[in-house]
Every structure is written in C-alpha cells, then in structure tokens.
Amino acid sequence: MDTTRFFDVFISVTLLLILLPFLLIAALLIKLTSKGPAIFVQQRVGKNNVNFNIYKFRTMRVNTAGRSLTVGSRDSRITGVGFFLRKFKVDELPQLVNVIKGDMSIVGPRPELRKFVDLYTPEQQFVLSVKPGITDYASLKYRNENELLSSAKDPEKFYIAEVMPAKIALNKHYIYNKGLKTYFFIIFRTILTVFNPS
C-alpha cells in the first residue's frame with residue numbers, strides 16, 4: 001500500500017466512524033422529507049477511463065435528474081434538506097466508501113459523467129491516468145459552479161466550452177505536482193472552504 005493510499009483509507013475510516021451518528025441523521029432527514037432512497041448512486045468515469053458507481057446523499061427529488069448539471073443553488077429539483085447538504089458538502093461524504101473500495105482517492109480530479117468524458121481530447125484524457133477524488137483544485141476554484149452556470153444562456157454549452165477545459169487544466173496541474181504536501185494542502189483548503197462556504 002503506497003503512502004497516499006494509506007492516508008486515504010485511514011482518513012476515510014476515521015471520518016466514517018466519527019461522523020456515523022451525523023450521517024445516520026442526515027440519511028433519516030432525507031427519507032423523512034422526500035420520497036426515495038437516502039443514497040444516490042450514479043455512474044462516473046474513473047481511472048483508466050473505467051466506469052464506477054459513485055455514492056452521494058440524495059439531494060434531489062426522485063425522477064427529476066434529467067439535466068446533467070445543477071444550475072443555481074436553488075435548482076427546483078433540490079430538496080430543502082438537499083440544499084443544506086450541498087452547501088456544506090455533506091452530500092459528498094458517502095464517497096468515503098468509494099475511497100475505501102479503491103474507486104477514488106480523497107484528493108484527485110473530480111469524476112465526470114461519461115457524456116462529458118467522451119468529449120475529451122486525447123491530451124485531456126491524461127487526467128484519467130489517476131484516481132478521481134472527492135476534492136481537488138478545481139473543486140476549490142469552482143465551489144460556486146452552480147451559480148456560475150445559472151448566469152449562462154446555455155449552461156451545458158458554457159460548461160463544455162469554458163468550465164470543463166479550465167477544470168482539466170487544474171487537474172493536470174495537480175497531477176504534475178501531486179505528492180503528500182499537495183494532498184494535505186488541498187484537504188486543508190477544502191476544510192476551510194466547507195466552514196466558510198460563501
């Protein structure tokens with residue numbers, strides 16, 4: 001087990017044990033306030049261009065996920081509980097299970113939907129050479145991505161033309177400079193962002 005993998009597993013198991021009561025409460029609130037499962041499972045693209053199932057707390061009403069992107073923090077599909085889960089990134093915590101399984105790392109390029117990965121150029125596919133992560137430089141820079149997309153006339157076209165290439169550039173920067181120092185720097189910055197989401 002390499003050093004990063006050790007910290008991935010250690011941090012994930014520790015957080016799940018510490019946060020278990022809180023996670024159970026979040027799951028219960030989701031179930032009590034809207035129909036559907038507490039956990040949302042979606043196919044994403046991982047290392048080496050291989051699909052895997054990502055886990056999140058469900059923040060949208062069932063049968064309303066027609067759009068690929070969430071537009072605006074008050075997207076009509078988002079439940080009341082889901083709004084707060086998203087604001088403080090609690091909806092991402094089930095991905096700690098993905099980390100333990102080996103699908104993901106805590107730090108790495110955020111995994112995209114297949115429809116967007118299929119648009120990658122051969123050069124951009126370089127970001128698929130590492131495990132995707134729960135957080136990365138792009139997550140920090142585009143933490144208010146929903147609001148950014150809400151101002152676009154065609155959010156998906158804007159995402160593909162402007163946001164996605166910028167994210168990939170940040171992902172490549174991470175890959176070229178990855179190491180434990182970068183790993184813990186991004187984790188620390190993410191914690192600060194979660195507690196100061198504005």
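## Around helix 2

Just after helix 2, Lys-89 adopts a positive phi of about 60 degrees. This is a predicted model, so treat what follows as a reading of that prediction. Helix 2 itself covers residues 80-87, and its buried residues are Val-81, Gly-82, Phe-83 and Leu-85. What do those buried residues pack against? Their partners are helix 1 (3-33) and strand 2 (51-57).

## The overall fold

Stepping back, the protein has eight helices and four strands. If you walk along the sequence, they come in the pattern α-β-β-α-α-β-α-β-α-α-α-α.

How does the radius of gyration sit against what a compact globule would have? For 198 residues the expected value is near 16 Å, and the protein has 16 Å, so the two agree. Lined up on the principal axes, the C-alpha atoms fill a box of roughly 45 × 45 × 30 Å. Take the contacts between residues at least 6 apart in sequence: 68% of them join residues at least 24 apart.

## Surface and charge

Of the 198 residues, 43% count as buried. The protein exposes about 10900 Å², with carbon and sulfur atoms supplying 62% of that area.

On the charge side, there are 28 positive and 15 negative charges. The mean positions of the two sets lie 5 Å apart.

## Salt bridges

The structure holds seven salt bridges. One of them pairs Glu-92 with Arg-110, where the closest N and O atoms are 3.2 Å apart. Why does this pair tie together separate parts of the chain? Glu-92 lies in the loop between helix 2 (80-87) and helix 3 (95-101), while Arg-110 lies in the loop between strand 3 (105-107) and helix 4 (114-117), so the bridge links parts that are 18 residues apart in sequence. Glu-92 is buried, at a relative accessible area of 15%, because the cut-off for buried is under 20%.

Another bridge joins Asp-118 to Arg-114, with 3.4 Å between the closest N and O atoms. Here Asp-118 is exposed, at 53% relative accessible area, and Arg-114 is partly exposed, at 25%. Shared partners also build a network: salt bridges join Lys-56, Glu-92 and Arg-110 into one. Then there's Asp-103, which forms a salt bridge with Lys-101; the closest N and O atoms in that pair are 3.7 Å apart.

## Two residues of helix 8

Helix 8 spans residues 180-195, and Thr-182 has its place there. Is Thr-182 buried or exposed? Thr-182 is buried, with a relative accessible area of 12%. Which residues does Thr-182 touch, once neighbours within four places in sequence are left aside? The contacts are Tyr-137, Tyr-174 and Asn-177.

Phe-188 is also in helix 8, but Phe-188 counts as exposed, at 51% relative accessibility. The cut-off for exposed is over 50%, so that 51% puts Phe-188 in the exposed class. As for distance, Phe-188 and Ile-18 are 170 residues apart along the chain, and their C-alpha atoms are separated by 18 Å.

Definitions and conventions: Residues are numbered from 1 along each chain as its sequence is written. This is a predicted model: local features need pLDDT of at least 70, side-chain atom pairs count only at pLDDT 80 or more; totals for chains, interfaces and linings use all residues. Side-chain values use heavy atoms; hydrogens and water are left out. The radius of gyration is taken over C-alpha atoms; the globule rule is 2.2 Å times the number of residues to the power 0.38. Buried means under 20% relative accessible area, exposed over 50%, partly exposed in between (1.4 Å probe, protein chains only). Contact means heavy atoms within 4.5 Å. Accessible areas come from the Shrake-Rupley method with a 1.4 Å probe; for residues, only the protein chains shown count as cover. Lys and Arg count as positive and Asp and Glu as negative; His and the chain ends are not counted. The place of a charge is taken as NZ of Lys, CZ of Arg, CG of Asp or CD of Glu. A salt bridge is a side-chain nitrogen of Lys or Arg within 4 Å of a carboxyl oxygen of Asp or Glu.
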